[in-house]
Amino acid sequence: MTQAETTPAPPTAPAPVPVPAAGHRWSPVLAVALATFTVVSSEMMPVGLLTPMSDSLGVSAGTTGLTLTITGLMVLATIDSPSWTVAAPVG
């Protein structure tokens with residue numbers, strides 16, 4: 001044999017993954033749940049209050065409904081804003 005034979009090294013076990021404490025594992029889930037509750041409440045609660053709001057403001061229900069449209073447009077602007085920075089010309 002002119003070539004030296006090499007034996008492969010035995011496989012090593014992967015490094016153990018640290019496990020977070022029980023309370024900290026649920027923190028991200030609770031944060032998402034709270035954010036979802038806040039957004040849905042702020043979007044859907046005014047729908048049930050449109051008629052009383054329009055009566056107290058002295059405007060039509062359609063005009064009062066525009067408040068939800070404006071809120072939706074702000075959400076769209078917030079979600080779409082990262083693409084504005086990517087599409088902005090440099091220089």
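**Figure 1. Burial and surface of the whole chain in a predicted model.** Buried residues, meaning those under 20% relative accessible area (exposed is over 50%, partly exposed in between; 1.4 Å probe, protein chains only), make up 9% of the 91 residues in the chain. The accessible surface comes to about 7900 Å², with 74% of it belonging to carbon and sulfur atoms; areas come from the Shrake-Rupley method with a 1.4 Å probe, and for residues only the protein chains shown count as cover. The chain has 4 helices and 0 strands, where helices (H or I, at least four residues) and strands (E, at least two) are DSSP runs numbered from the N terminus. Residues are numbered from 1 along each chain as its sequence is written, and side-chain values use heavy atoms, leaving out hydrogens and water. As the model is predicted, local features need pLDDT of at least 70 and side-chain atom pairs count only at pLDDT 80 or more, whereas totals for chains, interfaces and linings use all residues.

**Figure 2. Close-up of Ser41 in helix α2 (residues 27-48).** Ser41 counts as buried because its relative accessible area is 18%. Its side chain reaches the backbone oxygen of Phe37 at 2.8 Å.

**Figure 3. Close-up of Thr71 in helix α4.** Thr71 counts as partly exposed because its relative accessibility is 31%. The C-alpha atoms of Thr71 and Glu43 are separated by 7.6 Å, although these residues are 28 residues apart along the chain.

**Figure 4. Close-up of a nonpolar surface patch.** Ile70, Leu73, Met74 and Leu76 form this patch, with about 420 Å² of accessible area together. Patches are made of residues with over 30% relative accessible area and no salt bridge, with like charges joined within 9 Å and nonpolar side chains (Val, Leu, Ile, Met, Phe, Trp, Tyr) within 5 Å; a salt bridge is a side-chain nitrogen of Lys or Arg within 4 Å of a carboxyl oxygen of Asp or Glu. Met74 lies in helix α4 (residues 61-87).

Key. Polar contact = N/O pair within 3.5 Å; in protein donor to acceptor, adjacent residues only side chain to side chain.
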